[in-house]
Structures are given as C-alpha cells and as structure tokens.
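Good morning, and thank you for making room for this on the agenda. I would like to walk you through a structure that most of you have not seen before, going from what surrounds the ligands to how the strands are laid out.

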Amino acid sequence: MTQRVAVIGAGKIGEALLSGMLRAGKEPADLLATARRPERARALRERYGIEVVDNAEAAKLADTLILAVKPQDMVAALEELAPHVAADRLVVSGAAGITTAAIERRLAEGTPVVRVMTNTPALVDEAMSAISAGSHATAEHLERTQEIFRPIGRTIVVPESQQDAVTALSGSGPAYFYYLVEAMVDAGILLGLPRATAHELIVQAAVGASVMLRDSGEHPVRLREAVTSPAGTTISAIVELEKHGVRAALIEALQAARDRSRELAAGAE
Ligand SMILES: NC(=O)C1=CN([C@@H]2O[C@H](COP(=O)(O)OP(=O)(O)OC[C@H]3O[C@@H](n4cnc5c(N)ncnc54)[C@H](O)[C@@H]3O)[C@@H](O)[C@H]2O)C=CC1
Ligand SMILES: O=C(O)[C@@H]1CCC=N1
C-alpha cells in the first residue's frame with residue numbers, strides 16, 4: 001500500500017528527509033510538504049516536483065505526518081493541525097526536546113506518535129536517527145518510521161527517556177566535530193600552512209579517523225594509542241589537551257545540551 005508522507009515545516013531537516021525519501025525511491029506524488037513562506041514553497045516545488053500545501057490539507061491527505069518545525073513552533077503547529085488529523089494517522093516528531101506525551105495531548109485520543117532524533121548528515125545518507133514510540137505507537141508504527149529514516153543513514157530504537165541524551169550526542173554531535181575542525185584549521189594557520197592546505201589535511205584526518213572508528217571494531221583508546229609514539233609528537237599534544245581540561249569541557253558541554261533539550265520540552269508542556 002502506498003503511504004503518503006507529509007513533511008510539516010520543510011526547513012533544513014525536513015528538506016533532508018524529503019530528498020532522502022526521493023533518493024530511496026518514493027515518487028514525488030507520494031510526498032507532500034508544508035512551508036510558512038511562499039518563496040520556500042516555490043523552491044521546494046521546483047527542486048523536488050512535490051506538492052506544497054497548507055497544514056490542514058497535508059493532515060487530510062497524508063497517512064504519515066513528519067513534524068519538522070522548531071521546538072518553539074511546535075505548539076502553534078499542533079494547534080493548526082489537530083482539528084484535521086484523524087486518529088489513524090501516524091505522527092512523527094523530529095523536534096528536539098518535545099515529548100510524545102505533549103504531542104499526544106494535543107491530538108485526537110489514541111493517535112500514534114513516534115519521536116525521532118536525526119542529524120544533518122542525512123544530507124549524505126549518513127544520518128543517525130534514534131526512534132522512540134509514544135504510548136499509542138505499535139511495532140508497525142516504529143517499522144514505518146524506520147522505513148522513512150533507514151535510507152538516509154543508520155537507525156536505532158531507544159526508550160524515550162534517553163532522547164534528551166541522544167539529542168546531546170548524535171543530534172548536536174556533528175556540530176562538535178565541525179567546531180574541532182575549525183579550531184584545528186586555525187592551528188594549521190598558526191603553524192604557517194595555507195588555509196586550504198590546513199583544511200584538506202584536517203578534513204581527511206577526520207574522515208580517516210571516522211571510518212576507522214566505525215569499521216575497525218577497535219576501541220578509540222586503542223586507536224589513539226596506535227598514533228601515540230613514545231616521546232613523540234602526539235603525546236606532546238595530548239598533554240596540552242589534558243592540561244586544558246578538554247575532556248571535562250566536552251562532558252560538561254554535552255550535559256548542557258541534554259539540559260537544554262529538557263528545557264525545550266518544558267516549553268511545550
Ligand atoms: N538542524 C539540525 O541539525 C537538527 C534539527 N532537529 C530538529 O528538527 C527541527 C527542525 O530544525 P531545522 O530544520 O534545523 O529548522 P528550520 O528552521 O530550518 O526548519 C523549520 C521550518 O518549519 C517552518 N515552520 C514553522 N512553523 C510552521 C508551521 N506552523 N507550519 C509550516 N511550517 C512551519 C519554518 O518556516 C522552517 O522552514 C527542530 O525541531 C530541531 O529540533 C533535529 C535534529 C538535528
Ligand atoms: O540545536 C538544536 O537544537 C538542534 C537539535 C539537535 C541539533 N540541532
């Protein structure tokens with residue numbers, strides 16, 4: 001049976017999902033999107049050949065609604081959608097923080113809701129998408145959600161109680177790596193390298209390290225030990241990282257992201 005999927009609020013994440021579903025073989029006619037700005041709607045129509053409609057229309061026409069609005073816009077979006085969402089629709093939220101309970105409370109009794117935290121590498125089919133069932137979502141609803149997210153990367157099912165931590169790790173995670181690359185390119189400039197060379201060196205080191213982390217099956221400590229020669233260069237750098245408390249800073253940074261996810265949830269209670 002063809003399932004029609006509507007992305008409500010097709011911004012960065014919503015567009016990544018639309019393009020992923022098309023790459024995975026969905027027809028443009030199987031997809032719908034909504035957007036607040038007419039120029040955004042026009043761009044989506046031109047780029048993907050999909051219909052862009054209003055929220056009420058999307059709720060009526062689609063079997064699955066993916067809510068891709070900002071957490072701060074979620075309550076208003078649900079108020080617009082709720083009168084038009086039949087209880088047999090599957091509602092998938094991609095918003096940080098917002099709980100399935102907060103969404104269920106604003107929809108018809110019994111509406112299945114699934115919460116997903118994905119990330120921007122969805123654009124290159126390398127997303128990490130963590131999926132949790134709300135109180136009315138069945139295994140079949142989880143499977144339908146996995147089918148949407150699987151083509152754009154890896155998927156994992158987690159208890160919803162872990163979603164704020166997941167958001168801090170994999171949702172925001174790519175940003176931490178970009179930040180580290182930025183800083184190391186600056187270091188390259190300080191060491192006298194042209195910016196383009198520094199960028200190329202660090203990006204390829206990051207790609208190589210990522211592939212080894214994913215595919216070698218080795219613990220990161222073992223991988224780092226293999227780079228760290230006695231009385232060599234790497235240990236001189238590691239000593240500085242330890243002196244500046246980089247490990248503690250990372251732990252506290254992720255705690256702050258987790259706490260912010262909880263605050264976003266409180267804003268929609
Ligand atoms: N950007 C990221 O790396 C990630 C974002 N998320 C979550 O994805 C969601 C979207 O984030 P982004 O795509 O970055 O934001 P964005 O701002 O690019 O996209 C949100 C879109 O929703 C539209 N919108 C807002 N209210 C609407 C309404 N009532 N009806 C129709 N459209 C409406 C906005 O005009 C905007 O185009 C957020 O909830 C965020 O927490 C999750 C994982 C990663
Ligand atoms: O920064 C944010 O709130 C969103 C959620 C995870 C990544 N970006």
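Before I describe the ligand shells, one convention is needed: Ala, Val, Leu, Ile, Met, Phe, Trp, Tyr, Cys and Pro count as nonpolar, Asp, Glu, Lys and Arg count as charged, and the others, Gly among them, count as polar. Please also keep in mind throughout that this is a predicted model.

With that convention, the residues of the shell around ligand 1 divide into eleven nonpolar, ten polar and six charged. Which of the 27 residues around ligand 1 come nearest? They are G9, G11, I13, A95 and A96. Two helices also take part, since α1 (12–23) and α4 (74–81) each supply at least two residues of this shell around ligand 1.

Turning to ligand 2, the residues around it are A96, T167, G171 and S172, and by class this shell has one nonpolar, three polar and no charged residues.

Let me now go to an annotated stretch. The UniProt record, which is an unreviewed entry, places the feature "binding site" at A68, V69, K70 and P71. A68 lies in the loop between β4 (64–67) and α4, and V69 has its place in the loop between β4 and α4 as well. Are these residues buried or exposed? A residue counts as buried if 20 or more other C-beta atoms lie within 10 Å of its own; A68 has 26 other C-beta atoms within 10 Å, and is therefore buried, while V69, with 25 C-beta neighbours inside 10 Å, counts as buried too.

If we leave aside neighbours within four places in sequence, A68 is in contact with V7, I8, G9, A10, G11, I13, G14, L17 and G94. On the corresponding footing, not counting residues up to four places away in sequence, V69 touches I8, G9, M74, A77 and A95.

Now for the sheet as a whole. Eight strands form an open sheet in the order β3-β2-β1-β4-β5-β6-β7-β8, and the pairing is mixed. The edge strands are β3 (51–52) and β8, each of which pairs on one side only. Within the sheet, strand β1 (residues 5–8) and β4 pair in the parallel sense over four bridges, and the partner of A6 in β4 is L65.

I would like to spend a little longer on strand β6 (residues 113–117), where five of the five residues are buried, so that the strand is largely enclosed by the rest of the structure. V113, R115 and M117 point one way from β6, whereas V114 and V116 point the other way. On one side, three bridges join β6 to strand β5 (residues 90–93), and the two run parallel, with S93 standing opposite R115. Together, β5, helix α5 (residues 100–105) and β6 make a right-handed β-α-β unit.

Strand β6 is also joined by four bridges to strand β7 (residues 127–133), and here the strands run antiparallel; R115 stands opposite S132 in β7.

Finally, β7 and strand β8 (residues 153–157) pair in the parallel sense over five bridges. The chain crosses from β7 through helix α6 (residues 139–149) to β8, and this β-α-β crossover is right-handed. In that pairing, A130 stands opposite I156 in β8. Thank you, and I am glad to take questions.

Key
Residues are numbered from 1 along each chain as its sequence is written. Chains are lettered from A and ligands numbered from 1 in the order in which they are written. This is a predicted model: local features need pLDDT of at least 70, side-chain atom pairs count only at pLDDT 80 or more; totals for chains, interfaces and linings use all residues. A residue is buried if 20 or more other C-beta atoms lie within 10 Å of its own, exposed if 12 or fewer, and partly exposed in between; C-beta atoms are placed from the backbone. Two strands pair if DSSP finds at least two bridges between them. A crossover is right-handed if, with the strands pointing away from the viewer, the path from the first strand over the helix to the second runs clockwise. A residue is near a molecule or strand if its C-beta atom, placed from the backbone, lies within 6 Å of it. UniProt positions are given in the numbering used here, feature names are shortened, and annotations may be inferred rather than shown by experiment. Two residues are in contact if their C-beta atoms, placed from the backbone, lie within 7 Å.
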